[in-house]
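Please work through the exercises below with the sequence and the model at hand. Each task is followed by a solution in steps.

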Amino acid sequence: MPICDAHHHLWGFRQGAIEPRYLIEDVMADIKSSGHNIVSTVFVEAKAMYRAVGPDHLKQVGEIEFVNGVAAMGASGLYGETLIAAGIIGHTDLARGEAAGEVLDAMIEAAPHRFRGIRHTTTSDPDPVVMEHRRAAPGLQLTKAYRDGVRALGERKLVLEAWCFHTQLPELTDLAREIPGTTIVLDHIGGPIGSGSYADKRAEVFELWKKNTAELATCPNVYMKLGGFFMVLGGFG
């Protein structure tokens, strides 16, 4: 079966990463060892190769330039048949509202045939263990500024990659209903938490996740990404 691997990262150097670099040779090696027919992939923002100079709000465009170059390497066929980063998801602060449009336009210009949208992480929870490596403000998805940024995506036929916890899915449902013109791709099967204070509440978490996911599924502009099943966040060590 032909498969699009819809979520992976790339970086030449990443502080604190298990692997300090992960580039086209590494992706191709993993694809080959998987035994699957992966015909294309989607890169998702990894805070890689931001520009060192220039306005702060445009530094993220450097990541799009970097990944578009890697994608061109893959398209040459010299590394294998898989189209690496056939789609590119970047990052910008959508809470800048309509002003985020300037960054979106710069990213479109940097990779007009591959840039597909933005991931803006909105994960938030009162548990400090769950939030150890996450810094999103509570209720961000409910703010007018953030929603104006999401609208800016739809106006440009770009998608929102949403990454929130299972407890926040009602916020995402409300957002999706208010902005039906923006396509939303939900990352990591909706972020069920299985660590910290949730570690011994698996059945309870599953029931809430199921309820919230079923309600979100009534929104025709939302798609679920199948991935991230065994994250540490989910309690899988």
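The exercises treat a helix pair, the nonpolar cores and two backbone angles. This is a predicted model, in which local features need pLDDT of at least 70, side-chain atom pairs count only at pLDDT 80 or more, and totals for chains, interfaces and linings use all residues. Residues are numbered from 1 along each chain as its sequence is written, and side-chain values use heavy atoms, with hydrogens and water left out.

**Exercise 1.** Describe how helix H4 and helix H5 cross, and state which residues make the contact.

Solution. Helices (H or I, at least four residues) and strands (E, at least two) are DSSP runs, numbered from the N terminus.

Step 1. The axes of H4 (residues 144-155) and H5 (residues 169-178) come within 11 Å, at a crossing angle of roughly 50 degrees. Axes are lines fitted to C-alpha atoms, for helices over the stretch in contact, and angles run from 0 to 180 degrees between N-to-C directions.

Step 2. H4 is therefore oblique to H5. Angles under 35 degrees count as roughly parallel, over 145 as roughly antiparallel, 65 to 115 as roughly perpendicular and the rest as oblique.

Step 3. H4 contributes Tyr146, Arg147, Val150 and Arg151 to the contact (heavy atoms within 4.5 Å), while H5 contributes Glu171, Asp174, Leu175 and Glu178.

**Exercise 2.** Identify the residues with the most contacts inside the largest nonpolar core, and the helix that gives the most to this core.

Solution. A nonpolar core is a set of buried Ala, Val, Leu, Ile, Met, Phe, Trp, Tyr and Cys residues joined through side-chain atoms within 4.5 Å.

Step 1. The largest such core has 50 residues, and Leu10, Ile84, Leu94, Leu160, Leu172 and Ile184 have the most contacts inside it.

Step 2. Helix H2 (residues 61-75) gives the most to this core, namely 6 residues.

Step 3. Not counting residues up to four places away in sequence, Leu172 touches Gln141, Ala162, Cys164, Ile184, Leu186 and Leu216.

Step 4. Another core, of 8 residues, lies apart from the largest one; Trp163, Ile193, Val205 and Leu233 are among its members.

**Exercise 3.** Are Met49 and Ala85 buried or exposed, and where does each lie?

Solution. Buried means under 20% relative accessible area, exposed over 50%, partly exposed in between (1.4 Å probe, protein chains only).

Step 1. Most residues other than glycine have a negative phi.

Step 2. Met49 has a positive phi of about 60 degrees and lies in the loop between strand S2 (37-44) and H2. With a relative accessible area of 43%, Met49 is partly exposed.

Step 3. Ala85 has a positive phi of about 55 degrees and belongs to strand S3 (residues 83-90). Its relative accessibility is 0%, so Ala85 is buried.
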